[in-house]
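Reader: Please choose one part of this model and look at it closely, following it outward to whatever it touches. I would like one connected account rather than a list of separate remarks.

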Amino acid sequence: MRTRTLGTSGIEISELGYGCWPIGGGWGDADDERDIRSLCDAHARGVRFFDTAMGYGNGHSEELIGQAFADKRSDVIIGSKIGPKSDPSGSAEEVYPYDWVIECTEQSLKRLGTDYLDLQQIHCWRDHFTEESGWYAAMNKLKEQGKIRAIGVSAECWEPNGAVRIAESGQIDSIQVIYNVFDQQASDKLFPAVRSHNVGIIVRVALFEGLLAGKIRPGHTWHADDWRKDFLTDERLRSAEPHLSAIEQLCTNNYQTLAALCLKFCLSNPAVTTVIAGMRNPRHVEANCAISDGPALSEETLQALYQQAWDHKWVYPWS
Ligand SMILES: NC(=O)c1ccc[n+]([C@@H]2O[C@H](COP(=O)([O-])OP(=O)(O)OC[C@H]3O[C@@H](n4cnc5c(N)ncnc54)[C@H](OP(=O)(O)O)[C@@H]3O)[C@@H](O)[C@H]2O)c1
């Protein structure tokens with residue numbers, strides 16, 4: 001597993017990270033023992049970055065990470081996120097006040113059973129927070145106290161440009177953003193900005209919550225408690241079919257599945273530090289961990305994948 005450095009933080013992070021939202025619950029088929037095994041399996045295969053949030057299963061995701069790595073703390077990089085105190089359209093003083101940032105971080109540390117986070121992130125970043133300083137003062141206080149090592153923000157939904165100004169500010173170490181074969185908007189303005197200011201990029205939703213992994217097709221049967229049933233509706237799955245078929249045509253000898261090709265696509269961008277994938281199934285962990293060490297995609301394949309960007313205009317059920 002290759003590593004890359006997260007911005008100017010000096011933190012070495014595995015190219016493939018583990019997205020820990022699904023293990024928190026709400027993705028159907030919950031099984032804590034399987035999920036702890038998959039975290040440990042990913043670690044054994046070289047994964048050194050685990051991305052969680054206080055909001056994933058009301059802290060359950062953090063608790064499972066704490067259990068999985070209780071005796072390996074110094075050998076894992078853990079990033080968490082602070083949820084908003086109120087509607088994110090408000091001012092940063094309302095949504096991410098100083099005391100909230102401190103208190104939420106302390107609670108995450110307890111659930112993780114650790115005394116420091118490698119990375120703490122603002123979960124619902126909005127551009128208008130850039131001028132306000134309370135959240136940032138709290139993050140710096142936590143840094144001074146040794147409770148966090150690096151500061152990041154997560155760009156909202158499909159709005160990468162809302163994180164360009166904070167990238168240029170020199171205040172943060174990383175930005176988490178949606179980037180995948182369909183959604184390539186982050187490469188327009190955000191990626192050039194992070195490259196010139198040496199800010200790390202954590203790619204999320206590289207597999208489009210499983211759609212770009214190729215196994216969710218029209219007629220898919222969803223588990224009752226899987227939130228995706230209201231997002232990846234049958235109508236949307238039908239409209240995605242020609243796009244998925246076109247991408248499948250681009251699979252190569254080294255990247256024979258849609259999932260492998262789509263993960264390698266994200267890693268091919270030099271602005272990207274790590275790609276986090278949700279992967280509870282042991283077969284997915286094994287397949288995904290092999291991607292980092294594989295050969296680069298050819299320029300011809302990359303150019304063809306750039307052509308597969310798709311303005312689907314979908315929004316999440318909670319937007
Ligand atoms: N900051 C934010 O606001 C925010 C929002 C969304 C997500 N995130 C973070 O980003 C992470 C990743 O995004 P995501 O989990 O939404 O979606 P994702 O990684 O794009 O997709 C996860 C889905 O893909 C499936 N999968 C993974 N590898 C596969 C393979 N090789 N073959 C077939 N299927 C495969 C997984 O199945 P199995 O689980 O069955 O293996 C799961 O259903 C989250 O876990 C979370 O940490 C952050």
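**Strand β10 and its surroundings**

Author: In this predicted model, strand β3, made of residues 16-19, pairs with β10 in the parallel sense, and three bridges join the two. One of the residue pairs can be named, since Tyr18 has Ala277 as its bridge partner in β10. A second strand, β9 (residues 200-204), likewise pairs with β10 in the parallel sense, here over two bridges, and in this pairing Val203 has Val275 of β10 as its bridge partner. Pairing of this kind, whether parallel or antiparallel, is made through backbone hydrogen bonds between the strands of a sheet.

These two pairings belong to a closed barrel of eight strands, which runs in the order β3-β4-β5-β6-β7-β8-β9-β10 with parallel pairing. From one strand to the next, the twist averages 25 degrees. Elsewhere in the barrel, helix α4 (residues 98-112) lies across β5, β6 and β7, and its direction makes an angle of about 140 degrees with that of β5.

Returning to β10, one may ask whether its two faces are covered or open, and the answer is that both are covered: Thr274 and Ile276 are buried on one side, Val275 and Ala277 on the other. The alternation agrees with a general pattern, in which the side chains of a regular strand point by turns to the two faces of the sheet.

Val275 leads from the strand into the largest nonpolar core, which has 97 residues, and Val275 is among those with the most contacts inside it, together with Ala163, Ile175, Val177, Val203, Cys262 and Leu263. Helix α9 (residues 258-267) supplies the largest share of this core, namely nine residues. In soluble globular proteins generally, nonpolar side chains tend to be buried together. Leu263 offers a link back to the strand, for, once its neighbours within four places in sequence are set aside, Leu263 is in contact with Val275 and Ala277, as well as with Ala206, Asn288 and Ile291.

The strand also takes part in the surroundings of the ligand, where β10 (274-277) and α10 (282-289) each supply at least two residues of the shell. Of the elements that contribute, α10 gives the most, with three residues. The ligand is surrounded by 27 residues, and Gly19, Trp21, Leu207, Ala213 and Gly278 are the closest. By character, the shell divides into 13 nonpolar residues, nine polar and five charged.

The loop that follows the partner strand β9 deserves a last look. Glu209 has its place there, between β9 and α8 (234-248), and has a phi near 55 degrees, a positive value in a residue other than glycine. Most residues other than glycine have a negative phi. Glu209 counts as buried because 22 other C-beta atoms lie within 10 Å, where the cut-off for that class is 20 or more. Lys215 is found in the loop between β9 and α8 as well, but Lys215 counts as exposed because it has 11 C-beta neighbours inside 10 Å. Between the C-alpha atoms of Lys215 and Glu299 the distance is 27 Å, and the two are 84 residues apart in sequence. A positive phi, near 60 degrees, is found also at Lys313, which lies in the segment after α11 (299-306), and Lys313 counts as exposed because its C-beta neighbours inside 10 Å number 6.

Technical notes
Residues numbered from 1 in each chain as written. Predicted model: local features only at pLDDT ≥ 70, side-chain atom pairs only at ≥ 80, totals over all residues. Near = placed C-beta within 6 Å. Helix = DSSP H or I, 4+ residues; strand = E, 2+ residues; numbered from the N terminus. Nonpolar A, V, L, I, M, F, W, Y, C, P; charged D, E, K, R; others polar. Core = buried A, V, L, I, M, F, W, Y, C linked by C-beta atoms within 7 Å. Buried ≥ 20, exposed ≤ 12 C-beta atoms within 10 Å, placed from the backbone. Contact = placed C-beta atoms within 7 Å. Pairing = 2+ DSSP bridges. Axes fitted to C-alpha atoms, helices over the stretch in contact; angles between N-to-C directions.
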